[in-house]
Structure formats: C-alpha cells, structure tokens
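Colleague: Please take one part of this model, its pocket, and look at it closely for me. After that, set it against the rest of the chain, and be careful about how far the model can be trusted.

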Amino acid sequence: MAKGKTVFFCKECGNESSKWVGKCPACGQWNSMVEEVVQKKSAPAGWSRDSGKEKAAPIKISEVEAGAQPRFIFSDDELNLVLGGGLVPGSVVLLGGEPGIGKSTLLLQVALKSQGNCLYITGEESAEQVKLRAERIGIGENGCLILTETNLENILKSVSSAKPDFLVIDSIQTLYTEDLEATPGSISQIRECAGKLIRFAKEENIPVFLVGHITKDGSIAGPKILEHMVDTVLQFEGDRNYNFRILRTHKNRFGSTQEMGIYEMTGSGLRGVKNPSEIFLSERDEQIPGIAVAAALEGIRPIVLETQALVSSAVYGTPQRSATGFDLRRLNMLLAVLEKRCGFRLGAQDVFVNIAGGIRIEDPAMDLALVSAIMGSYQSMTLPPKCVFAGEIGLSGEIRAIQRVEQRISEADKLGFEDIVVSKYCRFPDYKGKIKIHTFSRVDEMFGWLFG
Ligand code: TYD
Ligand code: MG
C-alpha cells in the first residue's frame with residue numbers, strides 16, 4: 001500500500017510544513033510540530049482564486065443591513081448570562097472542560113429543556129446511553145432529536161433535512177471529514193471539521209455548540225486556531241470533589257467575558273445557583289481563629305466566601321507555605337508585608353491557607369480577609385462575628401481601593417453581615433444599607449481595631 005502523504009502541523013497555530021522543524025516558522029513556538037497523514041482531494045480543474053460563487057464587493061458600513069436578530073433564549077439563566085444574553089443565530093460556541101466535569105450533561109439538559117427544536121449529535125455515546133442520561137435529567141415536553149454519527153458530510157446532510165433551531169456536537173474530536181485521510185481527533189481533522197461547521201452555521205444561520213476535550217495543561221485539545229475560529233469559547237470547570245461547577249467565558253464576540261455561571265451537579269442534572277454565596281459560606285455557631293470572610297468578585301458577580309488560615313511553628317528548617325485556591329506567590333508577598341511592615345515574625349512559621357469550597361479566586365480584594373485569617377490564627381484570636389473584608393494590600397502595607405466596592409457591600413449586607421472592612425480610599429457615595437462600614441488606610445491600623 002502506498003504510504004499516505006504526511007505533513008507537519010503546528011499544535012499552536014495550525015501552520016503546515018512539509019518537514020519537521022523544531023520551531024514553528026509562523027508562531028515561533030518550540031517543539032509544537034506533529035506529523036499527520038493527510039490526503040487532500042485535488043482542487044477541481046480550472047479552479048482559480050477568482051472562481052468563487054459570488055464576488056463580494058466592498059460596501060460602506062453605514063449601508064450594511066443589520067436587522068436586529070433576536071437571540072435564542074434558553075430556560076437556563078446561567079447559560080444566557082454567560083453567552084451575553086442568549087445565543088446569537090449562526091454563532092458557534094465551543095465548550096471545553098475536563099473529562100467528567102459535565103459538558104455532555106449541560107448541553108443535553110439545554111437541548112431537552114429549551115423551547116426550540118434541537119439536534120444533539122454525539123460521537124461519544126450510543127443513543128441508549130444518551131437516553132439513560134436524559135431520563136435522569138428529565139425529558140421535557142419537547143425532547144430533542146438524537147443522532148449518533150461522526151462523519152461530517154452525513155451530519156451536514158441530516159442537519160439540512162432536520163432543520164433544527166440549534167445543534168449540539170459532542171465532540172469535535174470525534175468528527176472526521178472524508179476529504180482528509182487523517183484520523184479523527186488529529187489537528188488537521190479538527191481544523192477542517194470546525195471550519196466546515198462554522199461555514200455551515202453562518203450560511204444556514206443555525207447556531208452550533210461544539211464540545212471540545214481539553215489536554216492535560218488545561219487548553220482545548222487540537223490547534224489553538226480552533227479557539228480563534230469560533231465565536232465564543234466557554235470553559236466548564238470545577239473541582240470534581242465538590243458539586244458546584246463554574247461556566248466561564250474565555251472569548252465572546254457577542255458579549256462580555258466577565259460573566260460566569262454557577263451550577264450545582266445534582267442527581268438529576270445541573271441546577272443553576274442563583275445565590276453563589278450560599279455554597280461558599282459554612283454555617284457555624286461559634287467563631288474559630290483563622291477564619292475570615294471575604295467579599296470577592298468572580299467575573300462581575302459578587303461572592304462572599306470563607307478564607308481559612310493555619311499558622312504553626314515550623315518543625316523543619318524551611319517553613320512551609322501552601323495555598324489552596326489562592327496564588328502562592330501572592331501569599332508569600334502578603335507574608336512579607338506582615339513581617340516587614342507590621343513586625344510579625346512569621347519567618348519561622350508554617351502557613352497554610354485555603355479558600356473554602358474548592359473555588360479558585362484571583363480577585364486582589366481577597367488580600368484583606370486572608371491576612372486577617374492569618375493573623376487570627378497566629379495570635380489565636382477570633383475576628384468579630386459577622387464581619388466581611390474586601391481590600392487589596394500594597395507592598396508598603398497600605399490598603400488599596402478595589403473595584404465595585406458598592407456591589408460587594410450590598411452583597412454582604414444582603415447576606416446578613418453586620419460589619420465590612422474596606423479601604424479608606426474607596427468611594428461609595430450612594431450606599432444606604434444596614435451594614436456598618438469600617439475604613440482603614442493601613443493593615444496595622446486594621447489589626448489595631450481587630451485585635452486591640
Ligand atoms: P458528563 O456530562 O458525562 O461529563 P463530560 O461530558 O464533561 O465528560 O458528566 C458526567 C458526570 O456527571 C458523572 O460523573 C456523573 C455526573 N452526573 C450527575 O451527578 N448527575 C446527573 O444527573 C448526570 C446526568 C450526571
Ligand atoms: Mg461527554
């Protein structure tokens with residue numbers, strides 16, 4: 001048998017090369033070329049760059065007709081929010097996430113519960129398996145159409161005859177097109193199938209959800225250009241030891257990337273969580289040293305959550321520092337500030353911090369709660385009950401202003417907290433609530449108030 005033609009593709013940018021090279025000439029990435037067998041169909045005779053269907057001529061932007069296309073609104077409010085207010089007709093949404101996190105569950109649930117007519121195409125499970133899952137979730141009045149197929153040409157034919165309102169493809173890595181000889185899941189197949197689907201979506205005005213696997217380092221498997229090609233990239237994440245899941249936007253051509261949706265995995269599918277703080281705060285009767293509550297933002301949603309710290313004398317020569325759900329370098333910086341600016345001798349102490357609930361937060365406003373928890377544990381003193389912290393700490397020990405402070409204050413107030421500590425430099429002119437607001441400009445000043 002003749003050996004198929006092989007070429008090399010860059011995993012990062014999809015650049016094609018006939019020989020292996022250590023560094024991609026297009027994007028400059030090292031060691032990103034992989035070999036794949038391809039056999040492209042030859043272009044039809046007489047093909048030239050000019051022989052397209054219709055030539056597009058440039059027109060003035062003011063003359064472009066843009067009828068307000070209604071977005072498709074799902075019954076799932078979290079998904080609508082993340083998509084920027086519903087699904088835009090003809091858009092392509094890529095949903096990535098670790099295996100078993102719930103991508104198939106989320107999209108099947110959306111397919112079953114939406115008002116429209118959905119075609120759910122799976123190349124990963126049999127129709128019976130999907131049915132079993134659908135029974136757990138509850139098949140709505142509409143239900144949806146199921147197709148188990150991995151051949152792209154057949155899929156496009158079925159879609160043209162079924163005319164669904166939207167399409168779910170689980171997953172892009174299982175598809176293949178007959179135009180290429182490469183195996184499903186290879187870079188050339190993913191790129192080609194995605195390209196054809198995107199063209200199809202735009203021409204037929206049918207929105208498409210694509211499920212994408214992710215690799216060990218957390219990026220979506222396949223070429224990076226897949227993410228450039230689609231309109232929206234969503235990431236479904238969460239700690240599998242906990243029940244909640246977060247749906248984030250990494251890219252959205254039709255909305256903000258600040259939004260996020262929170263779900264809880266239950267025995268009967270995913271449930272949208274309206275009030276995220278409820279899952280991150282534990283019910284406790286008595287105060288414990290080393291626990292402080294932070295009013296953080298995740299995207300643009302305020303979340304009130306618990307930070308925990310444990311400070312104990314180091315047994316070994318080098319003290320240990322460990323952070324779960326928080327950036328370790330930032331923790332080290334905060335410890336240095338406490339040591340240098342406030343005079344606490346933490347150099348010989350092990351410090352462990354943890355953000356309760358298994359969430360990962362990057363909001364700098366967590367700093368204030370974290371240092372309060374650390375100092376509480378160090379001095380074995382409890383913090384005032386029902387007190388929340390929101391502030392960033394600078395290198396000189398100053399408490400810096402944070403964004404959306406009013407939103408955080410009102411969230412804490414709504415949850416029944418009685419005191420909130422923020423920076424002196426924050427502005428909240430219109431806030432009229434029950435919660436008592438304490439402002440400080442320096443960390444040592446705040447410690448004076450907390451620990452006397
Ligand atoms: P799944 O959607 O198959 O994940 P992915 O497609 O991202 O690989 O999620 C499977 C997990 O979800 C599995 O561990 C079981 C759990 N699950 C529930 O807890 N409740 C349910 O109602 C369903 C359908 C799944
Ligand atoms: Mg799946």
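**The largest pocket and its setting**

Modeller: In this predicted model, strand S10 (244–252) and strand S13 (291–298) each contribute at least two residues to the lining of the largest pocket. Of these two strands, S10 deserves attention, since five lining residues come from S10, the largest share. The space in the largest pocket amounts to about 520 Å³. Its lining is made up of 24 residues, and those closest to the centre are Glu237, Arg248, Glu298, Arg360 and Glu362. Sorted by class, the whole lining holds nine charged residues, eight polar ones and seven nonpolar ones.

As for where the largest pocket sits, its lining draws residues both from domain 2 (72–274) and from domain 3 (279–451), and the pocket therefore lies between these two domains.

To set this in the context of the chain, the protein chain has 452 residues, of which 47% are buried, and its secondary structure consists of 11 helices and 21 strands. Its C-alpha atoms occupy a box of roughly 85 × 55 × 50 Å when taken along the principal axes. Among contacts in the chain with a separation of 6 or more, 66% join residues that are 24 or more positions apart.

Concerning confidence, the mean pLDDT of the protein chain is 87, and 94% of its residues reach 70 or more. Residues 43–52 need caution, since their pLDDT is below 50 and, beyond near neighbours in sequence, this stretch has zero contacts in the model.

One further position may be useful as a point of reference, namely glycine 86, which is placed in the loop between helix H1 (77–82) and strand S4 (92–97). Although it belongs to a loop, glycine 86 has a relative accessibility of 1% and so counts as buried, the cut-off for that class being under 20%. Leaving aside residues up to four places away in sequence, glycine 86 touches Arg71, Phe72, Ile73 and Asn80. Isoleucine 437, by contrast, is separated from glycine 86 by 351 residues in sequence and, from C-alpha to C-alpha, by 37 Å in space.

To return to the part you asked about, the picture is of a pocket lying between domain 2 and domain 3, with Arg248, Arg360 and three glutamates, Glu237, Glu298 and Glu362, as the lining residues closest to its centre.

Note on methods
Residues numbered from 1 in each chain as written. Chains lettered and ligands numbered in written order. Predicted model: local features only at pLDDT ≥ 70, side-chain atom pairs only at ≥ 80, totals over all residues. Heavy atoms only, no water. pLDDT = per-residue confidence, 0-100. Contact = heavy atoms within 4.5 Å. 1 Å grid on protein atoms, 1.4 Å probe; cavity = no way out; pocket = protein on both sides within 12 Å on 5 of 7 lines; lining within 4 Å. Points joined across faces, edges and corners; volume = space filled by probe spheres on them. Helix = DSSP H or I, 4+ residues; strand = E, 2+ residues; numbered from the N terminus. Nonpolar A, V, L, I, M, F, W, Y, C, P; charged D, E, K, R; others polar. Domains from an automatic or database assignment. Buried < 20%, exposed > 50% of the residue type's maximum accessible area, 1.4 Å probe, protein only.
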